[in-house]
Amino acid sequence: MDVVETSADAEGLTKPPLLILDRVRTFLDEHGLGKGELRARRIGEGGGSNFTFLLERGDVRFVLRRPPRPPLPPSAHDVVREARLQLALREAGFQRLPTIVAVCDDESVLGVPFYLMEELDGHVPTDALPDGLEDEPARRALGDDLVDALAEIHAADVATPGLAAFARPGSYNERQVRRFAQLWEINKTRELPQVDEVGARLADAVPEPLPSTVVHGDFRLGNTMVGRDDPHRILAVLDWEMGAIGDPRADVGYLLATYSEPGGPPNPLGTSPVTALPGFPARRELVERYAGRSGRDVEPLAWFEALALWKAAVFCEAIYGRFVRGELGAEDTRAARFEEGVPYLAAAAAAALNR
């Protein structure tokens with residue numbers, strides 16, 4: 001059978017392939033998605049997060065999204081839930097999403113669930129910007145539209161049946177602190193007292209929640225796609241793995257925590273460094289635009305920034321643990337950087353709380 005992305009573990013044992021093309025081909029046939037031979041190649045990043053593959057079949061192209069190889073942390077990498085949230089959000093009126101064409105929860109196909117999307121013709125801005133964003137006004141327009149897209153997500157009616165199914169009782173903010181404190185006990189590979197200390201401080205100062213909205217959970221420029229013909233506009237918001245119903249300030253705090261403003265230092269996660277280029281809005285301007293677009297009072301944002309950085313430390317420790325145990329393939333050696341990255345994120349979270 002045709003397979004894609006096999007690798008070996010620390011003992012040299014072959015790991016299961018990420019794709020088995022004849023099984024995917026059969027699944028496509030069953031859903032009337034293209035005809036003929038199938039080609040696949042991996043796109044984007046993966047290993048610690050979910051994997052994406054570009055599938056080409058005849059004159060149609062799809063993107064397949066699947067979790068990493070098992071074993072997986074509890075409640076993580078639920079791609080079926082991720083797909084259903086996006087479908088519900090589109091029904092509620094937010095359109096800047098990929099079009100999902102099929103969801104597979106039958107693990108006999110690939111050993112894990114997966115879903116398929118139509119390919120979008122665009123560019124994900126991470127380390128470089130596409131053509132059309134060379135001047136400062138165009139970059140400013142993109143930064144402004146990033147905030148506008150977030151405000152649109154938070155404007156979706158969570159009372160619609162599809163989204164209401166994702167709501168949970170109680171405080172989202174308290175639940176996030178409690179859940180990630182539990183995940184730290186599961187994920188940690190070493191004792192890092194500052195992670196525990198930040199978790200305790202967050203728990204002692206949980207803000208009263210705002211009315212609930214959809215929360216993306218990982219909202220930053222690098223999780224969006226801009227159009228090739230209109231690069232100063234967000235075409236789609238991607239990577240909904242952390243999506244939930246909760247406090248909208250969690251997304252605003254995360255955006256600030258992962259944003260490098262022009263003239264400022266790199267953000268602690270090192271994500272989307274292109275926003276440090278002249279023309280992109282300052283962090284203060286992001287907050288002002290969001291408050292104006294949403295009509296919300298977003299304080300205390302420092303708590304939500306600290307929450308974002310602390311959660312990132314916990315999540316990155318899970319990836320680091322899989323790396324040190326030899327559970328990741330040779331393609332995922334960049335996870336080694338979390339040996340130093342996790343303590344750095346914990347220190348950044350503490351600094352945010354001290355502001």
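User: If a disulfide is defined as a pair of cysteine sulfur atoms within 2.5 Å, how many does a search of the whole structure find?

Analyst: The search returns zero disulfides, so no pair of cysteine sulfur atoms meets that limit. The structure is a predicted model, in which local features need pLDDT of at least 70 and side-chain atom pairs count only at pLDDT 80 or more, whereas totals for chains, interfaces and linings use all residues. Residues are numbered from 1 along each chain as its sequence is written, and side-chain values use heavy atoms, with hydrogens and water left out.

User: Why does Cys 104 count as buried, and what is the relative accessible area of Cys 316?

Analyst: Buried means under 20% relative accessible area, with exposed over 50% and partly exposed in between (1.4 Å probe, protein chains only). Cys 104 has 4% relative accessibility and therefore counts as buried, and Cys 316, with a relative accessible area of 6%, is buried as well.

User: What makes a space a cavity in this analysis, and how many are there of 30 Å³ or more?

Analyst: A cavity is a set of points on a 1 Å grid over the protein atoms alone where a 1.4 Å probe fits but cannot get out, and its lining residues have an atom within 4 Å of a point. Grid points are joined across faces, edges and corners, and the volume is the space filled by probe spheres set on the points. By this rule there are four cavities of 30 Å³ or more, the largest of them with a volume of about 60 Å³.

User: Which residues line the largest cavity, and which helix gives the largest share?

Analyst: The lining consists of Tyr 172, Val 215, Gly 217, Ala 250, Asp 251, Tyr 254, Phe 304, Leu 307, Ala 308 and Lys 311. Two or more of these residues come from helix H7 (249-257) and likewise from helix H9 (301-324), where helices (H or I, at least four residues) and strands (E, at least two) are DSSP runs numbered from the N terminus. H9 gives the largest share, four residues.

User: How does the lining of the largest cavity divide by class, and what is the division for the second largest cavity?

Analyst: Ala, Val, Leu, Ile, Met, Phe, Trp, Tyr, Cys and Pro count as nonpolar, Asp, Glu, Lys and Arg as charged, and the others, Gly among them, as polar. On that scheme the largest cavity has seven nonpolar, one polar and two charged lining residues, while the second largest, with a volume of about 40 Å³, has eight nonpolar, no polar and no charged ones. Its lining is formed by Val 147, Leu 150, Val 252, Leu 255, Leu 256, Leu 286, Val 287 and Tyr 290, with at least two residues supplied by each of helix H3 (136-155), H7 and helix H8 (283-294).

User: What places Thr 258 in polar contact with the backbone of Tyr 254?

Analyst: A polar contact is a pair of N or O atoms within 3.5 Å; within protein, one must be able to donate a hydrogen and the other to accept it, and residues adjacent in sequence count only if both atoms are side-chain atoms. A polar atom of the Thr 258 side chain lies 2.8 Å from the backbone oxygen of Tyr 254, which is within the limit. Thr 258 sits in the loop between H7 and H8 and is buried, at a relative accessible area of 3%.

User: How do you know which strands pair with strand S4 (residues 51-57)?

Analyst: Two strands pair if DSSP finds at least two bridges between them. S4 pairs in the antiparallel sense with strand S3 (residues 39-43) over five bridges, and seven bridges join S4 to strand S5 (residues 60-66), also antiparallel. Thr 52 in S4 is the bridge partner of Ile 43 and has Arg 65 as its partner in S5.

User: Why is S4 called mostly covered?

Analyst: Seven of its seven residues are buried, with Phe 51, Phe 53, Leu 55 and Arg 57 on one side and Thr 52, Leu 54 and Glu 56 on the other.

User: What makes the phi of Asp 239 notable, and what is the omega of the bond from Glu 299 to Pro 300?

Analyst: Most residues other than glycine have a negative phi, and most peptide bonds are trans. Asp 239 has a positive phi of about 60° although it is not a glycine, and the bond from Glu 299 to Pro 300 is cis, with omega near 5°. Asp 239 lies in the loop between S11 and strand S12 (244-246), and Pro 300 in the loop between H8 and H9.

Notes. On a 1 Å grid over the protein atoms alone, a cavity is a set of points where a 1.4 Å probe fits but cannot get out, and a pocket is an open set with protein on both sides within 12 Å along at least five of seven lines; lining residues have an atom within 4 Å of a point.
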